[in-house]
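Me: I am new to this structure and would like a close look at a single part, the nonpolar interior. Please set that part in its surroundings, and take the time that a careful reading needs.

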Amino acid sequence: MMSTESYRLPVAQPLTEAYIHRTDERIEELYSYHAGNEGDWERRSLALRDLTPTRANAAAVADSLRVYQAKWGASEEALANIAAISEGAPVVIGGQQAGLWTGPLLVIHKVVSIIHAARSASEQLGTKVVPVFWIAGEDHDWDEANHTYVITAEQELKKLAAARPEGPRTSVSRTVLAPEAWEQLIADLEQSLPHSEFKPQLLEKLTDLSGQASSLSDMFAGLLSYLFGSEGLVLLDADCPEIRRLEAPMFRKLIERNDELEQAYLSAADKVKSLGYTLQADVVPGSANLFLFHPEKGGERTLLHKKEGSFQDRKGLSSWTAEELLQIADEQPELLSNNVLTRPLMQDYLFPVLGTVLGPGEIAYWALTGGAFRTLGMEMPIIVPRMSYTLIEGTIAKNMAKYELSFRDVMERFDDCKEAWLKEQDGLAIEEKFGAVRASFEEMYKPLVDMAATVQAGLAKLGETNMTKILEQISYMESKTVDAYNKQFEASIRQLDRVATAILPARKPQERVLSMVVYWNRYGDAWLSKLLDAPYDRTGGHEIVYL
């Protein structure tokens, strides 16, 4: 029997909150559709047919996907979905930067949301809708991608990370990790994870994939293919040369109409700010919203800015004319790369996107792209909020019950609850007695200070300082007494801290910190089956999944 529970997790982005719950009708013009409106799925499906001329050739896209997917032993289900793409099937797509061993759990949650959304749309529309995951391998933020967190056998949070190899600051997909780096990472993981019946299989699979992986993106793709191949998940790497060649015509448009697109982004930014919301992506006057892998700097990923009729790097040390960039787009499109504002356009150029699954921050910055879509004769797809989950193991659930902690208690007031529980165990009334002593001392000592001040005015400040120091010493003695008393509850404190580490590691939601290898190690693939079977809502939501 499925054991889940819904919980409304607060959304940090007010614009996203307004979109999901439709609490501000003023923002509806920023988004073309709403995921919760069933009729919008029908409307978008029909609109995609009219937008076919604005997209890349479906058969050519499918050929590139087959080449990429073959690296990881494409499943029959994935190949069938690629065949459907070649025939024009719509897709539900979402993406993320490649992280070590898929990075934090939210990546897995996004994949699960994409699969659910595609399945749900297929059922409604009576047609094949393909789940696609866009690996943002073109991103160059190594420190964001190079690590993952696990819970050790000692129930401590531990960060495992790969050092960036020597060389230019290029994309994650182009940053090559040597075999010995993979060996060290897997050795660190083996040492860190608790022993379990699934640990040998986990390590064997990671070792096998590392033999084929030259980059974090490769490992990322191999794992997603392994975990979700039976669900027909189709993968692509945004930095894949085959894909880049197909993108050449869109890069031409992004260069030729760059000034128009810039105005569309600036106009949208002004609109968002006028509605009282904060921008979630930088909209900078003069930005081309494109990167170039600088050919004279070893492929360093360089953001382009417009100045004096040319495209330049940030310092103005290198520049290119529009004609030179257009030639690059035609002949070497692999040297070009999108930023967060132009990626949505490129995504919609490659695929007939029915819906795109986004996290809270992404939903907020996609509000800036509607005008850019219209500038190019395109239309923003349905924005589908990503589902989120918290996995709760049996021992964690038992400890929560033992200490009468609800999920809300852990998420919103854990430290207060822990402190309150310890105070309840205080049979000596330590806090009360030390408080009484402080109050009594202050009551007796203050008249002495007042008296001393009548003898010499300067003694008032000395007396106040002296009183403060004595009160601090009483409080210090209290804290030492409490610590000593609480030692008899060390086992309980460890159990409480284990709850926090599992659900709120580093005081952040589980999905933003922990790696999926923590649960693979404990449960094999059973944890993933529970996520795929959990309730789904097109407008997102948070499900507590008990393992």
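Reply: What follows begins with the whole chain, turns to the interior, and then visits several helices and single residues around it.

The model is a predicted one, and its 547 residues, of which 54% count as buried, form 22 helices and 15 strands. Along the principal axes, the C-alpha trace spans about 90 × 60 × 50 Å. Among contacts with a separation of 6 or more, those between residues 24 or more positions apart account for 76%. The protein exposes about 24,400 Å², and carbon and sulfur atoms supply 50% of that area. As for charge, there are 56 positive and 79 negative charges, and the mean positions of these two sets are 2 Å apart.

Now to the interior itself. In soluble globular proteins, nonpolar side chains tend to be buried together. In this model the largest nonpolar core has 149 residues, and those with the most contacts inside it are Trp101, Phe228, Phe351 and Trp527. The element that gives the most to this core is helix α5, residues 105-125, with 12 residues. Apart from this core lies another one, of 31 residues, which includes Tyr7, Ile396, Cys417 and Met467.

Trp101 deserves a longer look, since a list of its neighbours shows which parts of the chain meet there. Leaving out residues up to four places away in sequence, Trp101 touches Thr148, Leu160, Trp182, Leu185, Ile186, Leu189, Leu206, Met219 and Leu223, and it also touches Ser515, Met516 and Val517. The next residue in the numbering, threonine 102, lies in the loop between β2 (91-96) and α5. Threonine 102 has a positive phi of about 80° although it is not a glycine, and because its relative accessibility is 0%, it counts as buried.

A useful counterpart to threonine 102 is alanine 506, which is found in the loop between α20 (490-503) and α21 (517-523). Alanine 506 is likewise a residue other than glycine with a positive phi, here near 55°, but its relative accessibility is 51%, so it counts as exposed.

Two helices can be read for how they are covered. Helix α13, residues 343-350, has eight of its eight residues buried, and it is therefore largely enclosed by the rest of the structure. Its buried residues are Arg343, Pro344, Leu345, Met346, Gln347, Asp348, Tyr349 and Leu350, a list in which charged and polar names stand beside nonpolar ones.

Helix α11, residues 258-274, has 17 residues and reaches 24 Å from its first C-alpha to its last, which is close to the 24 Å expected at 1.5 Å a residue. In α11 the buried residues are Asn258, Leu261, Glu262, Ala264, Tyr265, Leu266, Ala268, Ala269 and Val272. As background for reading such a list, an α-helix has 3.6 residues a turn, so residues three or four places apart point the same way. After α11 comes glycine 276, whose phi is positive, near 95°.

Polar and charged residues can also be buried, and two of them are worth visiting. Asparagine 81 lies in helix α4, residues 76-86, and counts as buried because its relative accessibility is 5%, under the 20% cut-off. Not counting residues up to four places away in sequence, asparagine 81 touches Lys128, Val130, Pro131, Glu231, Gly232 and Val234.

Arginine 244, found in helix α10 (residues 241-256), has 0% relative accessibility and so counts as buried. Leaving aside neighbours within four places in sequence, arginine 244 is in contact with Glu138, Ala238, Asp239, Phe251, Pro333, Glu334, Leu336 and Ser337. The C-alpha atom of arginine 244 is separated by 70 Å from that of glycine 435, which is 191 residues apart from it along the chain.

Serine 319 offers a setting with partial cover. This residue is in strand β10, residues 319-320, and with a relative accessible area of 45% it is partly exposed. Serine 319 touches Ser310, Phe311, Gln312 and Glu324, again without residues up to four places away in sequence, while its C-alpha atom is separated by 8.8 Å from that of leucine 304, 15 residues apart along the chain.

Key: Residues numbered from 1 in each chain as written. Heavy atoms only, no water. Core = buried A, V, L, I, M, F, W, Y, C linked by side-chain atoms within 4.5 Å. Buried < 20%, exposed > 50% of the residue type's maximum accessible area, 1.4 Å probe, protein only. Helix = DSSP H or I, 4+ residues; strand = E, 2+ residues; numbered from the N terminus. Contact = heavy atoms within 4.5 Å. Areas by Shrake-Rupley, 256 points an atom, 1.4 Å probe, with all protein chains shown as cover. Lys, Arg positive; Asp, Glu negative; His and termini not counted. Charge placed at Lys NZ, Arg CZ, Asp CG, Glu CD. Expected span 1.5 Å × (residues − 1).
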